[in-house]
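Subject: Handing over the structure

Hi there,

I am passing this structure on to you, with some notes to help you find your way around. Please have a look at it first, and then read on.

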Amino acid sequence: MCVCVTMAHPSILAVGLLVLYLWCSVSVNAGERTGTAPDVGHYTVKNKRGEPCFLADLAATFHIRYVKTDNTTATAEYALPGNCSVAYESTCPNRLEGEDQAVLLLHVPWDWDFGLYLRFARDSKTPVMKHFWLAEAVVYYHQVPSLFPDAKFPNHFFSPFLNNLREMETKSGIFKRRSFLCESGLTIFNLTFPYFEEAPGVHPTADLIFDYIQVQPFDVRYV
C-alpha cells in the first residue's frame, strides 16, 4: 500500500497555519517501479483574479492497452511530462458560492490530444473543516502510430475514465489548510473506456500510475 501524509503544501505561506501530519493509505493497487521514475511537474490553477487556488505536484506514467491489427493486445507506455500546460478548463471552487468541485486538466506539450483530467470534490455538510477527495480521473489520448504501433484503430481518440471515486481523502479547512501527499510506492488507478462506437466489443483500458502526488485543491491562501 502507498504510505501517505496529510500536510500543508510547501508552496503556501500562511499566517498561523497549523501543519498536521496524518498517516493514511490509498485503497488502490500499489507496487514497485521497475524503470526510471518520471519527472515531477508543478502546477497551479488560478481564479479569475489571478490568485492561486489549486496546487498540484505530480509525477505519473500511463500504461495503455490497445488492440493490434491481428486482434492481439499490446501495451503502450509513456510518462506525463513535467512541463505540461494547465488547460483553461481547470477550475477552482468559489467558497462564497458554495462550490465543492475543483478540476485540474493538463495537456502534454507535444500533443494536446494527450492529457490528464483530475476532479476533486469536498463535502458541504460542515462550514469549517471539510473532507476533500479525488472523485474522478480521466486519461485522454489518440493512438498515434509512434506510440501505438500496428494499432487496429490508428489515430482514434480515447478517454478511459474512473468516476465515483473517494480516494486521497483529506480533511482541510480555512483554519487548517492541508494537502494530500503520497511519495512512497506507486498509486495505480485502472481506467476503462466503456463504449467504442466503431467496435462495440472493444473497451480500451489504461493504468494511471502516480509515482508522486501532492495536491491541495481547496483552501489555498498566499500572503
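Here is a question to start with: does Gln216 count as buried or exposed? Gln216 counts as buried, because its relative accessibility is 0%. This residue lies in strand 15, and its side chain reaches the backbone oxygen of Phe218 at 3.5 Å.

Before going further, please keep in mind that this is a predicted model. The average pLDDT of the chain is 80, and 75% of the residues score at least 70. Two stretches call for care. Over residues 12–31 the pLDDT is below 50, although the model gives this stretch 56 contacts beyond near neighbours in sequence. Residues 1–7 also stay under 50 in pLDDT, with 45 contacts beyond four places in sequence.

The overall picture

The chain has 15 strands and zero helices. Of its 223 residues, 51% are buried. Take the contacts between residues at least 6 apart in sequence: 61% of them join residues at least 24 apart. The chain exposes about 11000 Å², and carbon and sulfur atoms supply 53% of that area.

Strand 15 and its partners

Gln216 belongs to a strand that is worth a longer look. Strand 15 covers residues 205–216 and is mostly covered, with eleven of its twelve residues buried. It pairs with strand 4 (residues 52–67) in the antiparallel sense, over eleven bridges. In that pairing, Thr61 stands opposite Ile209 of strand 15. Strand 14 (residues 187–192) also pairs with strand 15 in the antiparallel sense, here over six bridges. Leu191 has Ala206 of strand 15 as its bridge partner.

Asp207 is another residue of strand 15. With a relative accessible area of 13%, Asp207 is buried. Its side chain makes a polar contact with the side chain of Asn190, at 2.6 Å. Beyond its neighbours within four places in sequence, Asp207 is in contact with Thr61, Phe62, His63, Arg65, Ile188, Phe189 and Asn190.

Strand 3 and the hairpin

Strand 4 has a further partner in strand 3: these two pair in the antiparallel sense over six bridges. One position to look at is Tyr43, which stands opposite Ala56 in strand 4. Five residues lie between the two strands of this hairpin, and Gly50 takes a positive phi near 80 degrees there.

In a regular strand the side chains alternate between the two faces of the sheet. Strand 3 (residues 41–46) shows this alternation clearly enough to follow by eye. Gly41, Tyr43 and Val45 point to one face and are buried, while His42, Thr44 and Lys46 point to the other face and are not buried.

The disulfide

How many disulfides does the count come to? The count comes to one disulfide, and it joins Cys53 to Cys92 with an S to S distance of 1.6 Å. Cys53 is in strand 4 and Cys92 is in the loop between strand 6 (85–86) and strand 7 (101–108), so the bond ties together parts that are 39 residues apart in sequence. The torsion about the S-S bond is about 70 degrees, which means that this disulfide is right-handed.

Cys53 counts as buried because its relative accessibility is 10%. Cys92 counts as buried too, at 16% relative accessibility. Cys84 is also buried, with a relative accessibility of 9%.

A tryptophan to visit

The last stop is Trp133, which is found in strand 9 (residues 129–142). Its relative accessible area is 10%, so Trp133 is buried. Which residues is Trp133 in contact with, leaving aside its neighbours within four places in sequence? They are Arg119, Phe120, Ala121, Arg122, Asp123, Leu165, Arg166, Glu167, Met168 and Glu169. The C-alpha atoms of Trp133 and Leu165 are separated by 7.9 Å, and the two residues are 32 residues apart along the chain.

If you would like a route through the model, start at Gln216 in strand 15, move across to strand 4, which pairs with strand 15, and go on to strand 3, which pairs with strand 4.

Enjoy exploring it!

Best wishes

Key. Residues are numbered from 1 along each chain as its sequence is written. Side-chain values use heavy atoms; hydrogens and water are left out. Buried means under 20% relative accessible area, exposed over 50%, partly exposed in between (1.4 Å probe, protein chains only). Helices (H or I, at least four residues) and strands (E, at least two) are DSSP runs, numbered from the N terminus. Two strands pair if DSSP finds at least two bridges between them. Contact means heavy atoms within 4.5 Å. Accessible areas come from the Shrake-Rupley method with a 1.4 Å probe; for residues, only the protein chains shown count as cover. A disulfide is a pair of cysteine sulfur atoms within 2.5 Å. pLDDT is the predictor's confidence in each residue, from 0 to 100. A polar contact is a pair of N or O atoms within 3.5 Å; within protein, one must be able to donate a hydrogen and the other to accept it, and residues adjacent in sequence count only if both atoms are side-chain atoms.
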